[in-house]
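Here are my notes on this model. Please read them with the structure open.

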Amino acid sequence: MKLLFELEKSRPSEYVNAFTEDVALPDFGKKIELELPELSEVEVARHYSALSRTAFGVDDGAYPLGSCTMKYNPKINEAAAALEGFRDIHPLAPEKDVQGALKLMYGLGEALKEITGTDAISFAGAAGAHGEYIGLRIIKAYHAARGETRRKILVPDSAHGTNPASAAMAGFEVVNVPGDDSYGVDLDALARLCDEDVAALMLTNPTTLGLFEKNIAKIAETVHSKGGLLYYDGANLNAVMGVVRPGDTGFDVVHLNLHKTFSTPHGGGGPGAGPVCVKAFLKDYLPYPVVVSDGKTYKFAAPPESIGKVNAFYGNFSVLVKAYAYILALGAEGIRQSAETAVLNANYLKKKLQPEYPSAEGVCMHEFVVSMEKLKNLNGVTALDIAKAMIDKGIHPPTMYFPLTVHEALMFEPTETESKASLDAVAEAMKQIYSEALKDPSAMKTKPETTVVSRPDEVAAAKALKLTYDL
Amino acid sequence: MSVYFPHTDSDIEQMLAFVGVPDTDALYSEVAPELKCGKLSLAPGLSESEVIARLKALAAENKTYNSVMRGGGAYRHYIPEIVNETASKSSFLTAYTPYQAEMAQGVLQAIFEYQTYIARITGMEVANASMYSAANAAAEACLQSFKPGFKILIAASIRPDTMAVLRTYLDGKNIEYEVLAAENGILEPETLVKSLSPKVCAVYAEQPAYSGGILDLKALTEAAHRVGAKFIAGGNPLAYALLPSPGEAGADIAVGDVQPFGLPTAFGGPYAGYYATTKAGVRKMPGRIVGETTDRLGRRAFVLTLQPREQHIKRERALSNICSNQALCALRASVYLAAMGGKGLRRVAENCYKAAHFALKEFEEAGLKRVYEADFFNEFVTLCPGKSDKIEKALAENGILSGLKLDGDTMLWAFTELNGAMDITLAARIMKEVI
């Protein structure tokens, strides 16, 4: 498909009139004039319409992408965020003009605190990784206020890559904690690694293997007994919201991904929102500003020991509107039922995929990991090949090669918004793919066959580095 | 209650039977009963019509203005409807990060085009897929430009929110930095020269300054380069339709926010930070990057590239922890630029400049005083001792959001193509009456 920069010149629409008063423009010394394509609106519309046909969203089909919680994004949430009273307010408007917005943030905060079992919240985080950074800075500030410089963050070897990356960015040293035979945290290793230099343990629960960390109470006790804190990576909250609250199981800091658990759309890679929830003893360290209320009016305030500012204004406000609409719709019951249905869907699909796609025995939470190692050893068909074959069936592939602790991993997370019929169809497609892989392994190497491109050369992309049309 | 799972009761029963459990509770057998939370203390769920009624009521508690003369990092521009329409196409809106290239060529090509737009506007060679905000992009640029044993110089004339975010990120890494005085509301080259030394690794300033004042980017960049320091130019990208771009001035990194390109002010976000640099700087550029390649049949294809810099591969040795960024906002910016074209964008920028200069003249006649002499793009600071509150109130009564009160005496005004001459004259007349 042609790039915008390759289209024939056409007549653009007139979107704004020239300023009516005569004001002279000086010579700004600009020697290199800006050149952008001149295109008529119809050409622009057709261009993006064509591009959108080669993109794939939740509305286009099954999206069982593990760890990413690609659930359906209700349309009403978009309409709510687009209301003029939310869309057209200025971040630096007087507080009396934005009481509705502040009230919404306050109300969303109360709901998320209740769901996570925590006491205070910041909405500054623009995404999960940003939330992690904020949470870790809060932990750092807490220890510093107690006169302690704790340098280490413990991270399970099955953790999301953002955990160690955020820890490093917040100025910590990362220590990996090995898993035990059942993919949980190895308690002996944890006890050995926990010392007075450990600032916190970062944990995802359910784990990235889709299993509930059943030793969570013991883990919390081990970390807390050495003065360390427990950090909850909220990527997998969808499995347990309304059933278990991280705060009740010993977590001190929790970040959420509103673009996962609370149904705000991913937008092809953002904007998300990564609010950070903390227990009362950490609330003074939250980034500023936070929303406070005397019950009648709402305003911004700076916590006394705040780690500072971490985002330009107050976070991704429109995303907060969508998440709030979602929580209002579901209510207490709907939230729990959504989690239960997500877990049921995962267990149903997990069993439907047996025996071709082996996974850990027993029940899983909202996601499960299959290993294609046996197939690869048998005839060379890899997890990647299976994923690419799924594309031809109109299914978005699962997360591949993660967690790193499982070989040839494919991580499925159907979410609660996939119907039984859709799961049956996914399972049927997977069985077909498997038998095709047994019959003609070499044919798997050229999949997908039905898309506009197939198996782009990533090595060449990194070597030639063509990153703009002009380069 | 609205729930969004599609299962009928009979589906649930069949599925439970297939899994081999009596009820969904049994799926949580690994969770110790004492850890379970019981019923959440949240209101019962609402129907869709109730949800939207509730949110409309909240939205109605916010005041919107016919005319906005406030900026400071968020600008109300005209947004062509095609921007809203394109960004609401569900194949873009509800898509995941384009890791599966074959299923995401539309998203990848749109980002590639965005990168091209940003590179052209900033005059740099490469750009990434977006950052969270201008402030976060500036913080990342400073972190990436830091060398142990060196320090970073930061202009005091930058946006206060950027300054605050820089402090948080740099303090967190114990990076030494020095804030350079704003004389005349901007960073003057002489001020920079006085603080430069071979121990400086980077300089950060914004074009235009928070005060609206225009900097001599070329002189600043040359001064920084003379001591071997990198120059990081923050700024409003719309200004580069008129002013020399960071690339033309020789800057090493350009950052800022694309909010003026088709993003509503929306109480501060989501917007999208941009990050552009030279070819030489590309391996130190954080965030996602789309590159062009060919597929197995030789067709042009787009992929996420240079992933080994990123957290999911490098973990604690990654350049940055960023993964999700502001892709849909970047898409909005691209559609805006595609619709506007170069001439349209230049007209918007000219209107901003002209409206602001017309306003200054009118406001001076009304009795406000200009604080800084430096020429400005679309914002300026006025002085009117003790009158800021009164001005804000009087204009609000007439549907105009005034300039931002910096204190009781001074205000920061911003103008865009949506501020017509009549609008400005009306504001001047109202102010004349109250001061």
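**Domain contact in chain B, and one helix of chain A**

1. The C-alpha centres of domain 1 of chain B and domain 2 of chain B lie 28 Å apart. This is a predicted model, so please read every point below with that in mind.

2. The domain assignment of chain B makes domain 1 from two stretches, 67-76 and 342-434. Domain 2 of chain B covers 81-336.

3. Where the two domains touch, domain 1 of chain B puts in 23 residues. Domain 2 of chain B puts in 19 residues.

4. Which elements give two or more residues to the side of domain 1 of chain B that touches domain 2 of chain B? They are helix H12 (327-366) and strand E12 (379-383) of chain B. H12(B) gives the most, with seven residues. By residue type, this side of domain 1 of chain B has 14 nonpolar, three polar and six charged.

5. Now to chain A. Its helix H12 (residues 420-439) has 20 residues. From first C-alpha to last, H12(A) reaches 29 Å, close to the 28 Å expected at 1.5 Å a residue.

6. Buried in H12(A) are Leu423(A), Val426(A), Met430(A), Ile433(A) and Ala437(A). Seen down the axis of H12(A), the buried residues fall within an arc of 80°, so they line one face of the helix. An α-helix has 3.6 residues a turn, so residues three or four places apart point the same way.

7. What covers the buried residues of H12(A)? The cover includes helix H9 (317-352), helix H10 (373-379) and helix H11 (383-392) of chain A. On the other side of H12(A), Ala421(A), Glu428(A), Gln432(A), Ser435(A) and Lys439(A) are exposed.

Key. Residues are numbered from 1 along each chain as its sequence is written. Chains are lettered from A and ligands numbered from 1 in the order in which they are written. This is a predicted model: local features need pLDDT of at least 70, side-chain atom pairs count only at pLDDT 80 or more; totals for chains, interfaces and linings use all residues. Domain bounds come from an automatic or database domain assignment. Two residues are in contact if their C-beta atoms, placed from the backbone, lie within 7 Å. Helices (H or I, at least four residues) and strands (E, at least two) are DSSP runs, numbered from the N terminus. Ala, Val, Leu, Ile, Met, Phe, Trp, Tyr, Cys and Pro count as nonpolar, Asp, Glu, Lys and Arg as charged, and the others, Gly among them, as polar. The expected span of a helix is 1.5 Å times one less than its number of residues. A residue is buried if 20 or more other C-beta atoms lie within 10 Å of its own, exposed if 12 or fewer, and partly exposed in between; C-beta atoms are placed from the backbone. The arc is that of the directions from the helix axis to the C-beta atoms.
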